[in-house]
Amino acid sequence: MTAGLRELKKRQTRQMISDTATRLFMERGFEAVTIAEIAAAAQVAKMTVTNYFPRKEDLALDYHETITTALARTVADRPTGESALTALRRAHLAAVDRHDPVVGFSSPEFAHMLADSPTLTARLRELHDQREEALADALTTATAPTPDDPTPRAAAALLTAAHRTLFHHVQALTRAGHPDEEIAGAATRSAEKVFDLLEPSFGGYAVR
């Protein structure tokens with residue numbers, strides 16, 4: 001019980017620090033806010049902030065681990081008889097339906113903050129690249145190619161590019177001020193078109 005309460009307290013503290021930092025970032029811009037100011041506003045030590053978030057960017061993008069692992073995990077967990085593309089389509093549409101931040105949903109203020117910050121934009125590109133690497137590894141495991149076969153990495157690059165495009169589409173609609181339900185409808189239609197384009201090449205690839 002004591003260990004469980006400690007873990008709960010850690011999660012609550014981490015979320016509180018992230019929420020405080022994000023509020024400051026949206027008010028003043030990411031680059032203008034210091035770690036010391038975040039610590040003061042959250043009423044914690046500066047070291048506490050850096051212990052939970054070694055990188056300042058991850059105070060805003062606190063779902064970074066989910067971003068980098070989601071596609072690979074979807075492929076690894078797909079049921080028997082399902083291709084990688086079908087699994088990714090299903091997972092993406094479900095994420096759109098629940099307005100998941102991982103597919104781009106956020107407040108307009110957050111979307112503007114992200115677009116206006118060169119540091120956060122660069123970090124987001126890095127996370128997408130890491131997601132591509134993780135997906136390539138998952139596809140390699142799923143298909144057991146020969147060492148000189150680049151297919152898993154090529155597939156990962158194309159599939160990740162599709163998700164990256166769809167993420168930015170949701171963010172653009174958010175910045176334009178559209179409500180989430182309207183964005184979800186547009187994002188669903190766009191995702192169906194994008195996945196349909198990929199279907200001829202990947203519909204039968206990496207079937208479990």
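How many residue pairs are in polar contact between domain 1 and domain 2? I looked this up first, bearing in mind that the model is predicted. I found four such pairs, with both residues at pLDDT 80 or more.

**Entry: the two domains**

I noted the division of the protein chain before going further: domain 1 covers 1-56 and domain 2 covers 62-203. I then took the domain centres over C-alpha atoms and got a separation of 27 Å. For contacts, I have 10 residues of domain 1 touching 12 residues of domain 2.

**Entry: the area between them**

I get about 830 Å² buried between domain 1 and domain 2, with carbon and sulfur atoms giving 58% of that area. Which three residues supply more of the area that domain 1 buries against domain 2 than any other three? My answer is Met26, Phe30 and Arg55, which supply 51% of it.

**Entry: charges across the interface**

I searched for salt bridges between domain 1 and domain 2 and counted one. I also wrote down the bridge that Arg55 forms with Glu126, where the closest N and O atoms are 3.2 Å apart. Arg55 was already in my notes as one of the three residues named for the area on the domain 1 side.

**Entry: aromatic pairs**

My search of the whole structure turned up two aromatic pairs. In one of them, the ring centres of Phe25 and Phe30 are 4.7 Å apart with planes at 55 degrees, so I logged the pair as tilted. Are these two residues buried or exposed? I have Phe25 as buried, at a relative accessible area of 0%, and Phe30 as buried too, at 3%.

The rings of Phe202 and Tyr205 make a pair as well, with centres 6.1 Å apart. Their planes stand at 65 degrees, and edge-to-face begins over 60, so I logged this pair as edge-to-face. Phe202 counts as buried at 9% relative accessibility, and Tyr205 is buried with a relative accessible area of 16%.

**Entry: back to Phe30**

Which residue has its charged end over the ring of Phe30? I found Lys56 there, 4.4 Å from the ring centre. My notes on Phe30 now hold three things: the tilted pair with Phe25, the charged end of Lys56 over its ring, and a place among the three residues named for the area that domain 1 buries against domain 2.

How values were computed:
Residues are numbered from 1 along each chain as its sequence is written. This is a predicted model: local features need pLDDT of at least 70, side-chain atom pairs count only at pLDDT 80 or more; totals for chains, interfaces and linings use all residues. Side-chain values use heavy atoms; hydrogens and water are left out. Rings of Phe, Tyr and Trp (its six-membered ring) pair if their centres lie within 6.5 Å; planes under 30 degrees apart count as stacked, over 60 as edge-to-face and the rest as tilted. Buried means under 20% relative accessible area, exposed over 50%, partly exposed in between (1.4 Å probe, protein chains only). A charge sits over a ring if NZ of Lys or CZ of Arg is within 6 Å of the ring centre and within 35 degrees of the ring normal. Domain bounds come from an automatic or database domain assignment. Contact means heavy atoms within 4.5 Å. Buried area is the accessible area (1.4 Å probe) that two parts lose on being put together, summed over both. A salt bridge is a side-chain nitrogen of Lys or Arg within 4 Å of a carboxyl oxygen of Asp or Glu. A polar contact is a pair of N or O atoms within 3.5 Å; within protein, one must be able to donate a hydrogen and the other to accept it, and residues adjacent in sequence count only if both atoms are side-chain atoms.
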